[in-house]
Amino acid sequence: MRRLTDKVVLVTGGTSGIGAAVAQRLADEGGTVVIAARDTGRGKAMAASIGNGASFVHCDVTVEGDVARLVDTVIEEHGRLDAAFNNAGSTAVHGPITQISTRAWRDELEANLSSVFYCLKHEVAVMPAGGAIVNNGSLAAVGGIAGLAAYTAYSV
């Protein structure tokens, strides 16, 4: 059953792991998938591999202007945005909280928190009634992981 035929779906962080698997499944369900990520080579390769009209748009979700341009590009190229899977994130900062720099802390929050705000802000503005947005998170969001304080924002 191709439940997403004629639907345009945006997937951030869609070049590997969960994002790539979701992008493939959305395409298998008939969706026109737009993959957004920082790695242009992997993004274009992923879009080509899943087919079904999938495309790639370079975007750093930690930069609000990039996210605004991403959503504008989806609208310009497809005329609408029916759904989004906000998946991009980072676990770049490891170690005891006493050894995490303020800059690293802020970068991690930008990657895992502000990025979702930027995506929601711009996706909701163009999405029709009945659209769907999924913000993907990890188990660390509910239980914390030692050594990943910036990622979980409360695990010390």
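1. Salt bridges. The structure holds six salt bridges. The model is a predicted one, and the pairs discussed here should be read as features of that prediction. Side chains of opposite charge can pair when their charged atoms come close. Three of the pairs are taken up in the next points.

2. Arg25 and Glu29. The closest N and O atoms of the salt bridge between Glu29 and Arg25 are 3.1 Å apart. The two partners fall in separate accessibility classes: Glu29 is buried, at 10% relative accessibility, while Arg25 is partly exposed, at 48%. Glu29 counts as buried because its 10% lies below the 20% limit. The pair is also part of a wider arrangement, since a network of salt bridges links Arg3, Arg25 and Glu29.

3. Arg80 and Asp82. Here the salt bridge has its closest N and O atoms 2.8 Å apart. Asp82 is buried, with a relative accessible area of 10%, and Arg80 is partly exposed, with 32%. Again the acidic residue is the buried one and the arginine is partly exposed.

4. Arg103 and Asp107. This salt bridge also has a closest N to O distance of 2.8 Å. Both residues belong to helix α4, where they are four residues apart, about one turn of the helix. Asp107 is partly exposed, with a relative accessibility of 38%.

5. The largest pocket. Its volume is about 890 Å³. The lining consists of 36 residues, and those closest to the pocket centre are Asn87, Ala88, Gly89, Ser90 and Asn112. At least two lining residues come from each of α1 (17-28), β2 (32-37), α4 (102-126), α5 (140-143) and α6 (149-152). Helix α4 gives the largest share, six residues. Sorted by class, the lining has 16 polar, 15 nonpolar and five charged residues.

6. The largest nonpolar core. In soluble globular proteins, nonpolar side chains tend to be buried together. In this model the largest nonpolar core has 16 residues, and the members that touch the most others are Val11, Ala23, Val33, Ile35, Met46 and Ile50. At least two core residues are supplied by each of β1 (8-12), α1, β2, α2 (40-50) and β4 (83-86). The largest share, four residues, is from α1. A second, separate core has 15 residues, among them Ala36, Val57, Cys59 and Met127.

7. Ala23 within the core. With neighbours up to four places away in sequence left aside, Ala23 is in contact with Val11, Val33, Ile35, Met46 and Ile50. These partners are also listed with Ala23 among the residues that touch the most other members of the largest core.

8. Thr15. This residue is in the loop between β1 and α1. Thr15 is buried, with a relative accessible area of 16%; the class follows because the value is under 20%. Apart from neighbours within four places in sequence, Thr15 is in contact with Ala20, Ile35, Ala37, Asp39, Arg42, Gly43 and Met46. Ile35 and Met46 also appear among the best-connected members of the largest nonpolar core, as those that touch the most other members.

9. Gly147. This glycine is placed in the loop between α5 and α6, and it is partly exposed, at 30% relative accessible area. Beyond its neighbours within four places in sequence, Gly147 is in contact with Val93, His94 and Gly95. Between Gly147 and His122 there are 33 Å in space, C-alpha to C-alpha, for a separation of 25 residues in sequence.

10. Positive phi angles. Two residues other than glycine deserve a look in the backbone. Asp6, in the segment before β1, has a phi near 70°. Asp6 is exposed, with 60% relative accessibility, which is over the 50% limit. Asn52, in the loop between α2 and β3 (55-58), has a positive phi of about 55°. Asn52 is partly exposed, with a relative accessible area of 36%.

Conventions
Residues are numbered from 1 along each chain as its sequence is written. This is a predicted model: local features need pLDDT of at least 70, side-chain atom pairs count only at pLDDT 80 or more; totals for chains, interfaces and linings use all residues. Side-chain values use heavy atoms; hydrogens and water are left out. On a 1 Å grid over the protein atoms alone, a cavity is a set of points where a 1.4 Å probe fits but cannot get out, and a pocket is an open set with protein on both sides within 12 Å along at least five of seven lines; lining residues have an atom within 4 Å of a point. Grid points are joined across faces, edges and corners, and a volume is the space filled by probe spheres set on the points. Ala, Val, Leu, Ile, Met, Phe, Trp, Tyr, Cys and Pro count as nonpolar, Asp, Glu, Lys and Arg as charged, and the others, Gly among them, as polar. A salt bridge is a side-chain nitrogen of Lys or Arg within 4 Å of a carboxyl oxygen of Asp or Glu. Buried means under 20% relative accessible area, exposed over 50%, partly exposed in between (1.4 Å probe, protein chains only). A nonpolar core is a set of buried Ala, Val, Leu, Ile, Met, Phe, Trp, Tyr and Cys residues joined through side-chain atoms within 4.5 Å. Contact means heavy atoms within 4.5 Å.
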